[in-house]
Amino acid sequence: EVKSIEMHYQSIPEALPGDNIGFNVKNVSVKELRRGYVASDANKKPSSGTKSFEAQLIIMNHPGKIYNGYTPVVDCHTAHIACRFAHIKTKMDRRSGKVLDPPPK
């Protein structure tokens, strides 16, 4: 049971997808939690792993070539994990959103 939800140190009634929040759960101590833990409703829809996902990435100042099969360490919020690029769809200009190159091989 969630006791309270906070965003930027202010209490809010609910959180929506994409919100960066903190929450307090009844009978769960902060010392029991670790980085990377996932919260879900274990009775209605428990969380599960995934073999793949689709993402739009912004790559900053990369010195080498990025290609299908490349495996960088991706930082997303508090997670730091190696992810293999199975299929790169396109390369875009980060400011204009225009396609720069055809899909890489």
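Strands here are DSSP runs of E at least two residues long, numbered from the N terminus. Keep that in mind as you look at this predicted model, because even a short run such as S2 (10-11) gets its own label.

Start with the overall layout. The protein chain has 7 strands and 0 helices, so reading from the N terminus you simply go β-β-β-β-β-β-β. Now for how it fills space: the radius of gyration is 19 Å, well over the 13 Å that the globule rule gives for 105 residues, so the chain is more spread out than a compact globule. Along the principal axes, its C-alpha atoms fill a box of roughly 50 × 30 × 25 Å.

What about the inside? Buried residues make up 7% of the 105 residues. If you take the contacts with a separation of 6 or more, 17% of them are between residues 24 or more positions apart. On the outside, the accessible surface comes to about 10,100 Å², and carbon and sulfur atoms account for 53% of that. As for charge, there are 16 positive and 10 negative side chains, with the centres of the two sets 9 Å apart.

Now zoom in on the loop between strand S1 (2-7) and strand S2 (10-11), where you'll find histidine 8. Tyrosine 9 sits in the loop between S1 and S2 too. Most residues other than glycine have a negative phi. Histidine 8, though not a glycine, has a positive phi of about 55 degrees, and tyrosine 9 has a positive one near 65 degrees. Are these side by side residues buried or exposed? Histidine 8 counts as exposed because its relative accessibility is 65%, and tyrosine 9 counts as exposed at 81%; the cut-off for exposed is over 50%.

How values were computed: Residues numbered from 1 in each chain as written. Predicted model: local features only at pLDDT ≥ 70, side-chain atom pairs only at ≥ 80, totals over all residues. Heavy atoms only, no water. Helix = DSSP H or I, 4+ residues; strand = E, 2+ residues; numbered from the N terminus. Buried < 20%, exposed > 50% of the residue type's maximum accessible area, 1.4 Å probe, protein only. Rg over C-alpha atoms; globule rule 2.2 N^0.38 Å. Contact = heavy atoms within 4.5 Å. Areas by Shrake-Rupley, 256 points an atom, 1.4 Å probe, with all protein chains shown as cover. Lys, Arg positive; Asp, Glu negative; His and termini not counted. Charge placed at Lys NZ, Arg CZ, Asp CG, Glu CD.
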